[in-house]
Every structure is written in structure tokens, then in C-alpha cells.
Amino acid sequence: PTGARFRKTFPQLGERLVLYAGRLATNKGLPDLVSAAASFPEAELLLVGQDMGVGKALEAQAGAAGVSLHRLGHLSDELYRSAFAVAEVLALPSEYEAFGIVLLEAAAAGLPAVATRVGGVPEAIIEGETGLLVEYGDAAALAAALAQLLDDPAGARELGRKGRERARNEFSWD
């Protein structure tokens, strides 16, 4: 995907974006993501997905921590795919994921991911090769992993490239 549609729809957003895509729910580790985002004030945090009642608390937490947070809600398929093209990294700090299909969506778009080592996530991400894994509930480790990718664009692009190759070779409809 290209980011043109997303940028046209949301021109107020900055250039450095960390994306979370999924339900905004209590089991998704989002308070840890907001805490982690305080470590890289040069980037903005995008939350894409339906709010299951935690959005206002996340906004309050972000405001208190000086984190630039944008809740975009549910997006059309075209805008959703376009979001992967503008972000620098996808974060999925969940307490549990059966698999985490969003990780393959990110990989297919060439977007590197940082996720928690839970459920089926280690099947979607090869640690250090197609993304980075951290323990659930460890906001400091999440911050460090995200900062590693934000501070090393070439390394992040390489993870994204390998993730895209793996998604194409191992997770096609065939």
C-alpha cells in the first residue's frame, strides 16, 4: 500500500508514527504502549480500531505523560492498509493473541512490528528477523524495542523486508 490516501485524510499527523491496530480493549496492553511512547516524544502514537471503553482513559494517560496520541477509530479497508504505509512500526502489546493476524498484515506491507511474546504471536514474528518480541506487561522493554526500531530506520526496513518476504512465502492463501 501507499500512504497517500492516509496522508490526505489525516494531514494533521506528523511524520513519525507508531501504529496500533486492533480493538481498544483492556486485554491489549495499551496502557503499557502509552507508557512506552513517553520514551520517544518525537513520534506520535496512532490507535486504529473500535474503542471498547478504554479510549478516554488512554487519552488522559497520554496527556499526563506528554504523549501525542490519536484515536482514529475504525477505518475503511483502503485507509487501514494505507496506515501501514505511513507508520514506522506496528506495536501489539497484548496480554494474549490467538495469532495476531494484524502482524501478518503489517508484514505484508513491509512494516516491522514489536509485539508481546504471547499465544500465537511467536508464530507470526521470528524474533530479531521479522520483528521484535517482548514480555507482556514490561513497558520498559516495549519502549526499548520500539526505540530500537525508531532509532535504526535501516534496520527497521530490513525487518520489514524480511517480514514481507515471509508473509508472501509462508502465509499466502495457498
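The following conversation takes up how several descriptions of this predicted model are justified.

Visitor: What kind of model is this, and which atoms and residues count?
Guide: This is a predicted model, in which local features need pLDDT of at least 70 and side-chain atom pairs count only at pLDDT 80 or more, while totals for chains, interfaces and linings use all residues. Residues are numbered from 1 along each chain as its sequence is written, and side-chain values use heavy atoms, with hydrogens and water left out.

Visitor: How do you know that the radius of gyration agrees with a compact globule?
Guide: The radius, taken over C-alpha atoms, is set against a rule of 2.2 Å times the number of residues to the power 0.38. For 174 residues a compact globule would have a value near 16 Å, and the protein has 15 Å, so the two agree.

Visitor: Why is Thr130 called buried?
Guide: Buried means under 20% relative accessible area, exposed over 50%, and partly exposed in between, with a 1.4 Å probe and protein chains only. Thr130 has a relative accessibility of 7% and therefore counts as buried. Thr130 lies in the loop between α6 (121-124) and β6 (131-134), helices (H or I, at least four residues) and strands (E, at least two) being DSSP runs numbered from the N terminus.

Visitor: What is Thr130 in contact with, beyond its neighbours within four places in sequence?
Guide: Contact means heavy atoms within 4.5 Å, and the partners of Thr130 outside those neighbours include Ala113, Leu159, Lys162 and Arg166. In addition, the side chain of Thr130 reaches the backbone nitrogen of Ile126 at 2.8 Å.

Visitor: How do you know that the buried residues of α3 are on the same side?
Guide: The buried residues of α3 (residues 55-65) are Gly55, Leu58 and Ala62. They cover an arc of only 60 degrees around the axis, which puts them on the same side of α3; the arc is that of the directions from the helix axis to the C-beta atoms. Their cover includes α2 (30-37), β2 (44-48) and β3 (69-73), whereas on the other side of α3 exposed residues include Lys56, Ala57 and Ala60.

Visitor: What makes a set of residues a nonpolar core, and which members touch the most others in the largest one?
Guide: Such a core is a set of buried Ala, Val, Leu, Ile, Met, Phe, Trp, Tyr and Cys residues joined through side-chain atoms within 4.5 Å. The largest has 60 residues, of which Phe6, Leu90, Leu103 and Leu146 touch the most other members. Helix α7 (residues 139-151) gives the largest share of this core, six residues.

Methods: Polar contact = N/O pair within 3.5 Å; in protein donor to acceptor, adjacent residues only side chain to side chain.
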